[in-house]
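Biologist: I have a structure here and would like to know how its labels are earned. Could you take me through the reasoning behind them?

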Amino acid sequence: MKQALTTLIAAFAVAAASNLYAADAASGKGTVNRIDLATATVNISHEAILALKWPGMTMDFKAADKKLLSGVKPGQAVTFGLAKEASGGYVISHIEPAQ
Ligand SMILES: [Cu+2]
């Protein structure tokens, strides 16, 4: 039991270090242009996302929860994770200022 817990903590540490959470399909980097809390939407000019074979582009992303958008602001460089929805689309699962 204790060993299982240790393994779990180690797995989280690796996930946090790689900035790719267990449920994420991909992670990306970009700059925030606009945030619309009413619709939980953020517009980002993002770099290429190789895991999804997306080129760099400017687009709206829906956040899984609008609270995720409270830690970032327009003009800021950010890193973010994308989770795949049942519908096949991608939503922001986490987003934070770039280091
Ligand atoms: Cu895009």
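Modeller: Happily, and let's start with the barrel. This is a predicted model, and in it five strands close into a barrel in the order 1-2-3-5-4. From one strand to the next the twist averages 55°.

Biologist: What makes the pairing in this barrel "mixed"?

Modeller: In general, strands of a sheet pair through backbone hydrogen bonds, either parallel or antiparallel. Here strand 3 and strand 5 pair in the parallel sense, while strand 2 and strand 3 pair in the antiparallel sense. Strand 4 and strand 5 are antiparallel too. With both senses present, the pairing is mixed.

Biologist: How do you know that strand 3 and strand 5 really count as a pair?

Modeller: A pair needs at least two bridges. Strand 3 and strand 5 have two bridges, so they meet the cut-off. As for residues, Lys-62 has Val-91 as its bridge partner in strand 5, and Ala-63 stands opposite Ile-92.

Biologist: And how many bridges do strand 2 and strand 3 have, and strand 4 and strand 5?

Modeller: Strand 2 and strand 3 have six bridges; one of the matches there is Ser-45 with Thr-58. Strand 4 and strand 5 have seven bridges, and Gly-81 is matched with His-94 in strand 5. The hairpin of strand 4 and strand 5 has five residues between the strands, and Gly-88 takes a positive phi near 100° there.

Biologist: Why is Thr-41 called partly exposed?

Modeller: Count the other C-beta atoms within 10 Å: Thr-41 has 16. Buried would take 20 or more, and exposed 12 or fewer. Because 16 falls in between, Thr-41 is partly exposed.

Biologist: Where does Thr-41 lie, and which residues is it in contact with beyond its neighbours within four places in sequence?

Modeller: Thr-41 lies in strand 2. Its contacts of that kind are Asp-36, Asp-60, Phe-61 and Lys-62. The C-alpha atoms of Thr-41 and Lys-62 are separated by 4.5 Å, although the two are 21 residues apart along the chain.

Biologist: What makes a group of residues the nonpolar core?

Modeller: Its members must be buried, of a nonpolar type on a fixed list, and joined through C-beta atoms within 7 Å. The largest such core has 12 residues, including Val-32, Ile-44, Phe-61, Leu-82 and Ile-92. Strands 1, 2, 3, 4 and 5 each give two or more residues to this core. Take Ile-44: setting aside neighbours within four places in sequence, it is in contact with Val-32 and Phe-61, among others.

Biologist: How much of the protein is buried?

Modeller: Buried residues make up 20% of its 99 residues.

Biologist: How do you know which parts of the model to read with care?

Modeller: On a scale from 0 to 100, the protein averages a pLDDT of 86, and 78% of the residues score at least 70. Residues 11–19 stay under 50, and the model has five contacts beyond four places in sequence for them. Where pLDDT is low, the predicted coordinates should not be read in detail.

Biologist: Lastly, which elements does the chain run through from the N terminus on?

Modeller: The run is α-β-β-β-β-β, which comes to one helix and five strands.

How values were computed. Residues are numbered from 1 along each chain as its sequence is written. This is a predicted model: local features need pLDDT of at least 70, side-chain atom pairs count only at pLDDT 80 or more; totals for chains, interfaces and linings use all residues. Two residues are in contact if their C-beta atoms, placed from the backbone, lie within 7 Å. Axes are lines fitted to C-alpha atoms, for helices over the stretch in contact, and angles run from 0 to 180 degrees between N-to-C directions. pLDDT is the predictor's confidence in each residue, from 0 to 100.
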